[in-house]
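Reader: Could you walk me through this one? I have a few questions ready.

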Amino acid sequence: MVKKKLLKQIETEFVNEVRNENPDKWLQGISIGEIGEDSLTIEVPNKFVLDRLRNNYIKPIRSAVNKAMGERVNISFEVNPELVNAFPAEAGENTSVKAGGKRRAAESKKESFKKSPSSELNPKYTFDNFVTGSSNQFAYAACRAVAEKKARNYNPLFIYGGVGLGKTHLLHAIGHEIHRLNSDNRIILLQAENFMNEMIQAIRNENMDGFRRFYRKDCQILLMDDIEILAGKERTQEEFFYTFNELYSAGKKIIITSDKFPKEMKTLEERLRSRFESGIIVDIQPPEFETRLAILRYKAEMEGLEVPEEVLNFLAEQIKTNVRKLEGSMIRLSALSSLSGAPMNIALAEEVIHTIMDDNEAMLSPEAVTKTVAGFYKVKVSDLKSPKRNRKYALPRQIAMYLCREMCRMSFPEIGSFFGGRDHSTVIHSCRKIGIDKNSNFELSKHLESLKRKLSERNI
Ligand code: ADP
Ligand code: MG
């Protein structure tokens, strides 16, 4: 009885709040599951409905639940495939039920579009919680502009950067902000991998119509995470290409993240690549020391930790290329000190570093650098160490020296002796040259980024 009343209440709130939508479509088949003292589960027939209700229609639901059960009730959603719902596989126009008739279609619905874990915006990933510095300032500003609709021509927005640098964070932040500004916007947040898996499922279940409708027709903002996964997946790329075009030409916003630059994705179809490049591409670089320190300070504050300045400094010096690890170090520090009662000092911070890094980033070896650089430029390691002055070897050598300085923290004489006993003044000249050239030579700066990423990934 309570459940029935609650459902009725939700319907009423929907009608009040969701004027432009057909509420029946969304409420069809939903049911009230478990009701606890301060919790409530709403069961929904499939992932489509789950995503929509949770991401876009939580307001009327909350308002109904508040009225019926009070303010502090925790609402959760659960897919119950037993529930029957005609949406979305059979809703709308152009519906075709393939051979096998209705039963087959009903079965497909059950199997397709399983709940994808990425469908929820992480409440912690907001613009307010994002610490900016010169490494991510531009990406942050572009994301804000897109979310606030100040930059219509930034479409698609392509965010790229190494692992753990905040791409997903910014993607969710855009989602939150768009939702905050207008909760009627239908946002689809999706891991590229799930797009692929759902497509495969849909093909298997002969439910491509439902799949296409979901991504092409009912979406206003598409947030697509980790698109690099599509490299080499031709069928998925093709499907995504059509989805992209349809959304794009209808003026819908598309935001994509990738840990690779479009040009670096070797097996990405040319037409998709040029689509990605047609909007704006922003990159996130590994944070520089000051930003790392600011992030640590912020995370410590969030954790309610009072961490001495020297410990923060120490961690910021050690953890260079991954913000996730910076964050992890604070959590670890807190756990270690509260478990053992040890004071938060450098010794404890060292322990933290050992537990969160398999290979300490500071221990990146010059061998790893030269091997990676040699592989990248298709020369031999021995050529880099040889006296050969040919440009084919000289540039990779200078780059390798520069990276040894930057990433292995070697002294100039150490680098000189590693590269076949060169004089330290030659090393200084090389490092300086690359340091200057990279600011004006786009290709060089991209090469350096790729190399650094390859190297830091080895150490994560
Ligand atoms: P990516 O998607 O690039 O691999 P994430 O967005 O998942 O990285 O970020 C990893 C973690 O680091 C997340 O918990 C995120 O909140 C945090 N993070 C990354 N960059 C920042 C930043 N600039 N300020 C605060 N937290 C950040
Ligand atoms: Mg990510």
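Author: Gladly! A good place to start is Pro-156, which sits in the loop between helix 6 and strand 4. Keep in mind that this is a predicted model.

Reader: Which residue is joined to Pro-156 by a cis peptide bond?

Author: Most peptide bonds are trans. The bond leading to Pro-156 is cis, with omega at about 0°. The partner in that bond is Asn-155.

Reader: And what is the phi of Glu-206?

Author: Glu-206 belongs to the loop between helix 8 (192-204) and helix 9 (208-217). Most residues other than glycine have a negative phi. Glu-206 is not a glycine, yet its phi is positive, at about 50°.

Reader: Let's turn to the aromatic rings. Is the pair of Phe-158 and Phe-276 stacked, edge-to-face or tilted?

Author: The model holds 16 aromatic pairs. For Phe-158 and Phe-276, the ring centres are 5.4 Å apart and the planes make an angle of 40°. Planes under 30 degrees apart would count as stacked and those over 60 as edge-to-face, so this pair is tilted.

Reader: How many residues apart are Phe-158 and Phe-276?

Author: Phe-158 is part of strand 4 (residues 157-161), while Phe-276 is part of helix 11 (residues 270-277). Their pairing links distant parts of the chain. The separation is 118 residues.

Reader: Now the ligand, please. Which residue has a polar side-chain atom 2.6 Å from an oxygen atom of ligand 1?

Author: Let's go through the polar contacts. Val-131 uses a polar backbone atom, 2.8 Å from a nitrogen atom of ligand 1. Arg-324 does offer a polar side-chain atom to a ligand oxygen, but at 2.8 Å. The side chain that fits your distance of 2.6 Å is that of Glu-327.

Reader: How much of the accessible area of ligand 1 does the protein cover?

Author: On its own, ligand 1 has 560 Å² of accessible area. The share covered by the protein is 95%.

Reader: Which helices each supply at least two residues of the shell around ligand 1?

Author: The shell has 7 nonpolar, 7 polar and 4 charged residues. Among the 18 residues around the ligand, Val-131, Gly-164, Thr-168, His-169 and Glu-327 come nearest. The helices you ask about are helix 7 (167-181), helix 12 (289-302) and helix 14 (323-340).

Reader: Finally, where in the chain is confidence lowest?

Author: The chain averages a pLDDT of 82, and 86% of the residues score at least 70. Over residues 86-118, however, pLDDT stays under 50. Helix 6 (residues 137-147) has the highest confidence, at 96, and the lowest, at a mean of 37, is in helix 5 (residues 101-111).

Key. Residues are numbered from 1 along each chain as its sequence is written. Chains are lettered from A and ligands numbered from 1 in the order in which they are written. This is a predicted model: local features need pLDDT of at least 70, side-chain atom pairs count only at pLDDT 80 or more; totals for chains, interfaces and linings use all residues. Side-chain values use heavy atoms; hydrogens and water are left out. pLDDT is the predictor's confidence in each residue, from 0 to 100. Helices (H or I, at least four residues) and strands (E, at least two) are DSSP runs, numbered from the N terminus. Contact means heavy atoms within 4.5 Å. A residue is near a molecule or strand if one of its heavy atoms lies within 4 Å of it. A polar contact is a pair of N or O atoms within 3.5 Å; within protein, one must be able to donate a hydrogen and the other to accept it, and residues adjacent in sequence count only if both atoms are side-chain atoms. Accessible areas come from the Shrake-Rupley method with a 1.4 Å probe; for residues, only the protein chains shown count as cover. Ala, Val, Leu, Ile, Met, Phe, Trp, Tyr, Cys and Pro count as nonpolar, Asp, Glu, Lys and Arg as charged, and the others, Gly among them, as polar. Rings of Phe, Tyr and Trp (its six-membered ring) pair if their centres lie within 6.5 Å; planes under 30 degrees apart count as stacked, over 60 as edge-to-face and the rest as tilted.
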